[in-house]
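User: I'd like to go through this model with you, helices and side-chain packing alike. Can you take my questions one by one?

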Amino acid sequence: MEGFEKVAITEPMELDDKETLASKSTKILDLLRKFLGVQKRRAEAYAKLRRGFNDYMVGGGDLAYQQVCREITEEFNDCSKQVLEMESLFSNPDFCRDDLAHILRSVQSQEKQKLQLTVTIQVLKKSGRPSERPVSHESCRFRTPAEHECMHVHEITVAAGTEEAEAEYDGALKEAIKGVQDAVTSINEHLEEVRYEIEALEAES
C-alpha cells in the first residue's frame, strides 16, 4: 500500500514537469518567431528609407523625405522596444535563457550601429563631394550680367586642402559603407542562430 502511494505521488509530478517544459518551449518558440517578425519589419523599414532617400536625391521634396525619416524613426523605436522586452523575458528566471538574451542584445547593438552608419551615408551623399557642392557667387566679379569671373572655381582649383577634403570624404563614405556591411553580416549570423534554435525546439515538440 505504501509503495502504491509513492507511485501515485510521483507520476503526477513527472507529468507536471513535462507539461511545464512543453509550455516553456512553446513560449520560447513564440518569442523567437516574434523576434524574427520584428526583424522583418526592420528590413521593410530600411527598404522604405532607401526609397525615400533615392526619391529625394533625384529631385524629391525635402518635406517628403523628412516625413519618411520621422515614420522610420517611430518604426525603429517600436521595434527596439519590443526586442528589449523579449531580451528581458529570456533573462527572467522563468526562462533562464541567457544565451538567447545575449543574441537579441547583440542584434540590437548591431542594428543601432547599422542605423547610425546608414544615416551617416545619407548625410554624406546629401552634401556631395567637396568639389561638387553648390556654391554662392556673391564674391564673384561680374563683367556683364551673363559673364563673370568666378572666384569660387578659382578657389576650388588652386586652394590647398581640396584634395585632402576629397580624400577625407571618400574615406568617411567607405568606412560607413563597410560598417553597414559588417553589421548586416553579424545580424544575419545571429538570425541563423535563432532559426536553428527554432528548429531544435520544433523537433522536441
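User: What span should the 30 residues of α2 have, and how far apart are its end C-alpha atoms?

Analyst: First, a heads-up: this is a predicted model, where local features need pLDDT of at least 70, side-chain atom pairs count only at pLDDT 80 or more, and totals for chains, interfaces and linings use all residues. Residues are numbered from 1 along each chain as its sequence is written, and side-chain values use heavy atoms, with hydrogens and water left out. Helices here are DSSP runs (H or I, at least four residues), numbered from the N terminus, and the expected span is 1.5 Å times one less than the number of residues. For α2 that gives 44 Å, which agrees with its end C-alpha atoms, found at 43 Å.

User: Which residues of α2 are buried?

Analyst: Buried means under 20% relative accessible area, with exposed over 50% and partly exposed in between (1.4 Å probe, protein chains only). By that cut-off the buried residues of α2 are Tyr65, Val68, Ile72, Phe76, Cys79, Gln82, Val83, Met86, Glu87 and Phe90.

User: Which element gives the most to the largest nonpolar core?

Analyst: A nonpolar core is a set of buried Ala, Val, Leu, Ile, Met, Phe, Trp, Tyr and Cys residues joined through side-chain atoms within 4.5 Å. The largest one has 21 residues, and Ile28, Leu32, Phe35, Met86, Phe90 and Leu104 have the most contacts inside it. Two or more residues each come from α1 (2-57), α2 (62-91), α3 (98-127) and α5 (162-204). The top contributor, with six residues, is α1.

User: How are the rings of phenylalanine 53 and tyrosine 65 arranged?

Analyst: The structure holds four aromatic pairs (Phe, Tyr or Trp rings, the six-membered one for Trp, with centres within 6.5 Å; planes under 30 degrees apart are stacked, over 60 edge-to-face, the rest tilted). Phenylalanine 53 sits in helix α1 and tyrosine 65 in helix α2, so this pair ties together parts twelve residues apart in sequence. Both phenylalanine 53 and tyrosine 65 are buried. With centres 5.9 Å apart and planes at 55°, the pair is tilted.

User: And what about phenylalanine 90 and phenylalanine 95, what kind of ring pair is that?

Analyst: Phenylalanine 90, at 0% relative accessibility, counts as buried, and so does phenylalanine 95 at 10%. Leaving aside neighbours within four places in sequence, the contacts of phenylalanine 90 (heavy atoms within 4.5 Å) include Ile28, Leu32, Phe95 and Leu104. The ring centres of phenylalanine 90 and phenylalanine 95 are 6.2 Å apart with planes at 70°, so the pair is edge-to-face.

User: Which side chain makes a polar contact with the side chain of glutamine 108?

Analyst: Glutamine 108 is in helix α3 and counts as buried at 13% relative accessibility. A polar contact is a pair of N or O atoms within 3.5 Å; within protein, one must be able to donate a hydrogen and the other to accept it, and residues adjacent in sequence count only if both atoms are side-chain atoms. At 3.3 Å, the partner is serine 80.

User: How far is lysine 114 from the ring centre of tyrosine 46?

Analyst: A charge sits over a ring if NZ of Lys or CZ of Arg is within 6 Å of the ring centre and within 35 degrees of the ring normal. Lysine 114 lies over the face of tyrosine 46, and its distance from the ring centre is 3.9 Å.
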